[in-house]
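Hi there,

Here is the structure I promised to pass on to you. Have a look at it first, and then read on for my notes.

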Amino acid sequence: MRKLRTARELTQESLAERSDLSVDAIRRIERGSFSPSLDTLGKLSKGLDVSLKTLFQGFERERSNAVAEICDFLSLRSGREVDLAWRVIQAMFEER
C-alpha cells in the first residue's frame, strides 16, 4: 500500500483524509501490524483511486500492478477517451 500511496505523491496524512481513516490506521496498515476490514479496504481504495482488485493485488505482490492501475484509470473515462488512449498507446509502440 505504501508504494501505491507514494506513487500518487500522497502523505500518510493526506491519504488518511481522503480515505476517512486515521493517520494511525494508515501507519499500522503500512507496517503490517493491523489487518484492515473490508470496509477499511474500501475506504483505502477510494482514497487511492484504485479498485479493490488492484488494492488486493498490491497486498499480494511486492510491486504494484501497473496494468491494473491503468485499467482502473480507463474505467472512469468515456468510450471516446478510451479509444483515444488506445490509439496513442498503439502509436507509441508502432515499428518504424
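**Where α2 meets α4**

The axes of α2 and α4 come within 8 Å of each other, and they cross at roughly 115 degrees. That makes α2 roughly perpendicular to α4, and the crossing of this pair is right-handed. Please keep in mind throughout that this is a predicted model.

On the α2 side, the residues involved are L15, R18 and S19, and they meet K43, L44, G47 and L48 of α4. Sorted by class, the contact of α2 with α4 comes to 3 nonpolar, 2 polar and 2 charged residues.

**R18 and what it touches**

R18 belongs to helix α2 and is one of the residues that meet α4. Is R18 buried, partly exposed or exposed? With a relative accessible area of 39%, R18 is partly exposed, because that value falls between the 20% limit for buried and the 50% limit for exposed.

Leaving aside residues up to four places away in sequence, R18 touches L10, G47 and D49. Of these, G47 also appears on the α4 side of the helix contact, while D49 is found in the loop between α4 and α5, the latter being residues 52-60. R18 and D49 lie 31 residues apart in sequence, and their C-alpha atoms are 9.6 Å apart in space.

**S45, inside α4**

S45 sits in helix α4, which covers residues 38-48. How far apart are the C-alpha atoms of S45 and R18? They are separated by 9.9 Å, with the two positions 27 residues apart along the chain.

The relative accessible area of S45 is 8%, so S45 counts as buried, the limit being under 20%. Setting aside residues up to four places away in sequence, what S45 touches is V50, S51, L52 and L55.

**The other partner of α2**

Helix α2 (residues 12-19) also meets helix α3 (residues 23-31): their axes come within 8 Å and cross at roughly 115 degrees. That makes α2 roughly perpendicular to α3, and here too you will find a right-handed crossing. Which residues make this contact? From α2 they are Q12, E13, L15 and A16, and from α3 they are V23, I26, R27 and E30. By class, the contact of α2 with α3 has 4 nonpolar, 1 polar and 3 charged residues.

One residue to look for in both places is L15: it is listed in the contact with α3, and L15 is listed in the contact with α4 as well.

**Two backbone angles to look at**

Since you may want to go through the torsions, here are two residues with a positive phi. D20 has a phi of about 60 degrees although it is not a glycine. D20 is found in the loop between α2 and α3, and with a relative accessible area of 62% it is exposed.

The other is D49, whose phi is near 60 degrees, again a positive value in a residue other than glycine. D49 is the loop residue between α4 and α5 mentioned above, one of those that R18 touches. At 54% relative accessibility, D49 counts as exposed, because the limit for that class is over 50%.

**The chain as a whole**

To set these details in context, the chain has 7 helices and 0 strands, and read along the sequence it follows the pattern α-α-α-α-α-α-α. How much of the chain is buried? Of its 96 residues, 30% count as buried.

Among the contacts in the chain with a separation of 6 or more, 39% are between residues 24 or more positions apart. The chain exposes about 7,000 Å², and carbon and sulfur atoms supply 53% of that area.

That is what I have for now. Happy browsing, and do write back with any questions.

Best wishes

Key:
Residues numbered from 1 in each chain as written. Predicted model: local features only at pLDDT ≥ 70, side-chain atom pairs only at ≥ 80, totals over all residues. Heavy atoms only, no water. Helix = DSSP H or I, 4+ residues; strand = E, 2+ residues; numbered from the N terminus. Buried < 20%, exposed > 50% of the residue type's maximum accessible area, 1.4 Å probe, protein only. Contact = heavy atoms within 4.5 Å. Areas by Shrake-Rupley, 256 points an atom, 1.4 Å probe, with all protein chains shown as cover. Axes fitted to C-alpha atoms, helices over the stretch in contact; angles between N-to-C directions. Parallel < 35°, antiparallel > 145°, perpendicular 65-115°, else oblique. Left-handed = near helix turned anticlockwise from the far one by under 90°. Nonpolar A, V, L, I, M, F, W, Y, C, P; charged D, E, K, R; others polar.
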